[in-house]
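Please open the model in your viewer and keep the selection tool at hand. The tour below goes from stop to stop, saying at each one what to select and what is there.

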Amino acid sequence: MTAIRDRQAGGAAPVGRPAATSGAALQLAMATLGFLVNFWAWALLGPLGPGIKERLGLGFAAQSLLVAVPVIVGSLGRIPVGALTDRYGARVVFPLVTVATIVPVLTLTTVSSYPALIVTGFFLGIGGTAFAVGVPLVSGWYPPARRGFAIGVFGVGMGGTAIANFTTVRLADAYGERAPFLLVAAILAAYAVLSFLLLRDAPGRARPTGSAWQRLAGVARLTVTWQLCFLYAVGFGGFVAFSVYLPAYLSTAYGLSAVDGALRTAGFVVLAVLARPVGGWLSDRLHPVPVLVWCFAGVAGFAVVQAFQPALMPVATVALLGMAVLLGAASGAVFALVGKVAPVDRVGAVTGLVGAAGGLGGFVPPLVMGWVYGLQGSYAIGLMLLSDVALAAAVFTAVKMGGLARRAG
């Protein structure tokens, strides 16, 4: 308990840093834009997966691997990139990540074989690490009382995946297969220049000592790091799982067409993205712990309702969109909690580990749902398992993290 108090004290703004740092809004806007464009690049292969599958004659497993490689690399890559951001600052790391992402995007205009696409997808995963660069940047510019909302606004950048889904296939059909890659590469190049000119690390930023691996090992020894990893794996991982699996679920359970399922999934994603800053704002006003308890409890309730496969309109639509709002708000609240409990000079390293847990957490539910459906011919058990996990997260947050809320009060 003493260690948590020490870390909470360390989360306050350093002496001499003003409560509202001049230029913070510009840095937040630049970080959010960088997150969005890098995530746009990161998600390019997903919409093209079915077309590549048909052109190369791939099986379902091969197509899934092709789409999964950049996601896995982007999730795990947040761990070292977050530590590097602590060491060198976002002003250095953000442009470098963006420039490094341009290379695989341009490579996609020339490669066509499956092995080459897998290798290119591996390096495309670099774009997904931008999340671990932006969170410590935004945390440094905003005081604890406003940090949750600011990080929530930054999280809107995950809407880059929605832009990729809306535009990639349409651009390829209208202007040729290379068009989406050339457009994204040009936008990335423009952002790299802008970020080099405009990004600034927060005044008084603490520079950690030791190597990146030493700092990661130190962060991994903090109990609160793994508590946050679990919470983000449920919150953001649940969002990722639904955004990936919802089209297949709607098609199988309700007989929707691919286009209708994709549009409804897009609505799910947009609501979750918009709810993320709301979760951060509520966390600033109430503290993240009660926000997380109510969000996870609500997800558990909606999942139970959906397990009975009610009519699509209105009950199932309300249940699914309700889960979207609550999972998005929970994702924002988790990183509001990171800003309160993580040591200032280790926010990047903690963000890397927590962000990786969230990204990887999105892969488990779709696998479980598909496996259970294959055995039982029903999604009920899978949705009840989701309810159980969300309820466990609510209880864990209330019991284990509740002390943080009392001390904040």
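## First stop: Thr-109

Select Thr-109 and show its surroundings: leaving aside its neighbours within four places in sequence, this residue is in contact with Arg-178, Phe-181 and Leu-182. Thr-109 sits in the loop between helix 5 and helix 6, the latter covering 114-124. Thr-109 counts as buried because its relative accessibility is 15%, and the cut-off for buried is under 20%. Keep in mind, here and at every later stop, that you are looking at a predicted model.

## The whole chain

Now zoom out and colour by secondary structure, which shows 19 helices and zero strands in the protein. Of the 409 residues in the protein, 54% are buried. If you display contacts between residues at least 6 apart in sequence, 85% of these join residues at least 24 apart.

## Helix 2 and its two partners

Select helix 2, residues 24-42, together with helix 5, residues 90-107; the two pack at an angle of about 20°, and their axes are 10 Å apart. Helix 2 is therefore roughly parallel to helix 5, as angles under 35 degrees count as roughly parallel. The crossing in which helix 2 passes helix 5 is left-handed. To see what makes the contact, show the side chains of Ala-31, Gly-34, Phe-35, Asn-38 and Ala-41 on helix 2, and those of Phe-94, Val-97, Thr-98, Thr-101 and Val-105 on helix 5. Sorted by character, the residues of this contact of helix 2 with helix 5 are six nonpolar, four polar and no charged.

Keep helix 2 selected and add helix 8, residues 144-155: these two helices pack at an angle of about 35°, with 8 Å between their axes. Which residues of helix 2 and helix 8 make the contact? Helix 2 contributes Leu-28, Ala-31, Thr-32 and Phe-35, while helix 8 contributes Ala-150, Val-153, Phe-154 and Gly-155. Here the residues of the contact of helix 2 with helix 8 divide into six nonpolar, two polar and no charged. As you switch between the two views, look for Ala-31 and Phe-35, which belong to the contact with helix 5 and also to the contact with helix 8.

## The nonpolar core

Next, select Val-105, Leu-228, Phe-239 and Tyr-249, the residues that touch the most other members of the largest nonpolar core, which has 116 residues. Helix 12, residues 223-254, supplies the largest share of this core, with 16 residues. Val-105 has already appeared on this tour, among the residues of helix 5 that contact helix 2. Centre the view on Tyr-249 and, not counting residues up to four places away in sequence, you will find that Tyr-249 touches Tyr-254, Gln-306, Tyr-379 and Leu-383.

## Helices 13 to 15 and their loops

Move on to His-287, which lies in the loop between helix 13, residues 258-286, and helix 14, residues 288-307. Although His-287 is not a glycine, its phi is positive, at about 95°. Is His-287 buried or exposed? His-287 counts as buried, because its relative accessibility is 6%.

Follow the chain along helix 14 to Gln-309, in the loop between helix 14 and helix 15. Gln-309 also has a positive phi, about 45°, although it is not a glycine. With a relative accessible area of 40%, Gln-309 is partly exposed.

Then look for the peptide bond that joins Met-313 and Pro-314, which is cis, with omega about 0°. Pro-314 belongs to helix 15, residues 312-341.

Now show helix 14 and helix 15 together; their axes come within 8 Å and cross at roughly 155°. The two helices are therefore roughly antiparallel, and their crossing is left-handed. The residues of the contact between helix 14 and helix 15 comprise 23 nonpolar, three polar and one charged.

## Last stop: Arg-55

Finish by selecting Arg-55, which is found in helix 3, residues 45-56. Arg-55 is partly exposed, with a relative accessible area of 47%. Add Ser-112 to the selection and draw a distance between the C-alpha atoms: Arg-55 and Ser-112 are 57 residues apart in sequence, and 9.6 Å apart in space.

Definitions and conventions: Residues numbered from 1 in each chain as written. Predicted model: local features only at pLDDT ≥ 70, side-chain atom pairs only at ≥ 80, totals over all residues. Heavy atoms only, no water. Axes fitted to C-alpha atoms, helices over the stretch in contact; angles between N-to-C directions. Helix = DSSP H or I, 4+ residues; strand = E, 2+ residues; numbered from the N terminus. Parallel < 35°, antiparallel > 145°, perpendicular 65-115°, else oblique. Left-handed = near helix turned anticlockwise from the far one by under 90°. Contact = heavy atoms within 4.5 Å. Nonpolar A, V, L, I, M, F, W, Y, C, P; charged D, E, K, R; others polar. Core = buried A, V, L, I, M, F, W, Y, C linked by side-chain atoms within 4.5 Å. Buried < 20%, exposed > 50% of the residue type's maximum accessible area, 1.4 Å probe, protein only.
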